[in-house]
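Q: Please take a close look at one part of this protein for me. Begin with a single residue and its surroundings, then move on to the aromatic rings and a small sheet.

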Amino acid sequence: MSEDTEETRNGGQGRAVTGGPSGDDRRVVIVGAGMAGVQTAVALREQGWPGTITLLGAEPHQPYDRPPLSKAVLLGKAEGSAFDVDFAALGIDLHLGRRVSGVRPAERLVDTDAGPVPYAHLVIATGAEPIALPGSEGVPGVHLLRTLDDAERLRPVLAGQHDIVVVGAGWIGAEFATAAREAGCAVTVVEAADRPLAGALPAEVAAHMVGWYADSGAVLRTGARVAAVEPGAVSLADGTRLPADAVVVGIGARPATGWLADSGIALGPDGSVLADGALRTSAPDVYAVGDCVSFPSARYDQRLLVHHWDNALQGPRTVAAHIVGGDAAHFTGPVYDPVPYFWSEQFGRFVQYAGHYTAADTMVWRGDPTSAAWSVCWLRDGALIALLAVGRPRDLTQGRKLIEQGAHLDEARAADPSVPLKSAVR
């Protein structure tokens, strides 16, 4: 096999990256080959970027989508979820299995395990990494669910219909518990807070999701803190010992930005890269996109860190626009201030959420939260700023547009589930 053929088959991971910014001032290097990194590369080409695009991915797999990992891939209904992108045809130089260790903005170099990579523009798209349960590192049978390899390791666990303890009743915990019950596993979910989705939704809303676990045959234990994890069992702080052939930890994620510690690029207290409305970082010609970056939102009067798929899809268009148009005289690029959006399939329900509810002063229910389909609207000074829809996708579609428009709602009409949300505008 020729060298070129071998390089193409391996995604270019063995090819040396040579040259420097002085020889190519149109070189864009993207660190991270997840949704945000791939979409940035694609958006650059779509918006007419003529220069070199180098995409560095730490994993050896072809770049893939993550949502199917907790669903079809986990249950063995799909072998993978690779993006349908022809990198070669787009002139994107893809390097797989390439780990980054640092960046030197003054020299415009990214340090990798295969040597330094020069850049004219750098895009940080390293995403987030799951938080490990303290004391569980190295214990056999303990799993995280973030990568394709994680899902592959968990597939035989589900196929064997084992007893599983899930630590954390957030979005990932609920989705994994759903898949595990579908596979016939006995599932116990332990959550330190007093309700599921404690970090995402207010108590009065999350309270109506508690019964979903029992309906599916899963056991949910709230207010339950893990004291120790050992092979075959999880011990709780109250002395309860739960048998566990496997333990799946879903207690959150943090921006994967440790490699930037000595770069001088500003990070927030949460570890996120601090970016402006163009997703530019504190370093010249360095941008950040996706789960690893926080940005100022004029819509919500605060800085947002959004760990959702849609953010990784939308942000790259802003980054690409500023890289492509940044050298033009009087260029005014787009400001990134999206309405955050997220969806989840859990326990036979389709759950969608748009906006950011914490600044609301009024909450309006649409429908009976004990039923199969209902929604919640959050208003601030009468304007819709967030919406949760359970089994009501039309509410979400209309509500998301109304949030973008800053529309004000009539509370009485908004509370009537028979009235289309767009017809509740006043």
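A: Start in helix α7, which spans residues 309–325 and holds H322. The model is a predicted one. H322 has a relative accessible area of 8%. That is under the 20% cut-off, so H322 counts as buried. What does H322 touch, leaving aside its neighbours within four places in sequence? Its contacts are A278, R280, Y287, F331, G333 and P334.

Now the aromatic rings. Searching the whole structure turns up 7 aromatic pairs. One of them joins Y213 and F347. Their ring centres lie 4.6 Å apart, and the planes meet at 55°. This makes the pair tilted, because the angle is neither under 30 degrees, as for stacked rings, nor over 60, as for edge-to-face rings. The pair links distant parts of the chain. Y213 sits in helix α6, residues 210–216. F347 belongs to the loop between β22 (341–346) and β23 (349–355). The two residues are 134 residues apart.

Are these two rings buried or exposed? Y213 is buried, at 2% relative accessibility. F347 is buried as well, with a relative accessible area of 10%.

W343 and F350 form another tilted pair. Here the centres are 6.0 Å apart and the planes stand at 55°. W343 is partly exposed, at 26% relative accessibility. F350 is also partly exposed, and its relative accessible area is 30%. Both values fall between the 20% limit for buried and the 50% limit for exposed, so neither residue counts as buried.

There is an aromatic cluster too. Y353, Y357 and W378 make it up.

Last, the sheet. Three strands form an open sheet, ordered β4-β5-β6, with antiparallel pairing. Which strands stand at the edges? They are β4 (100–104) and β6 (115–118). Each has a single partner strand, so one side of each lacks a neighbour in the sheet. On average, neighbouring strands here are turned by 25° against each other, direction ignored.

Look at the pairing of β4 with β5. Strand β5 covers residues 109–112. It runs antiparallel to β4, and 4 bridges join the two. Within this pairing, R104 stands opposite L109 in β5. In general, strands of a sheet pair through backbone hydrogen bonds, either parallel or antiparallel.

Terms used
Residues numbered from 1 in each chain as written. Predicted model: local features only at pLDDT ≥ 70, side-chain atom pairs only at ≥ 80, totals over all residues. Heavy atoms only, no water. Phe/Tyr/Trp six-rings, centres within 6.5 Å; stacked < 30°, edge-to-face > 60°. Buried < 20%, exposed > 50% of the residue type's maximum accessible area, 1.4 Å probe, protein only. Pairing = 2+ DSSP bridges. Axes fitted to C-alpha atoms, helices over the stretch in contact; angles between N-to-C directions. Contact = heavy atoms within 4.5 Å.
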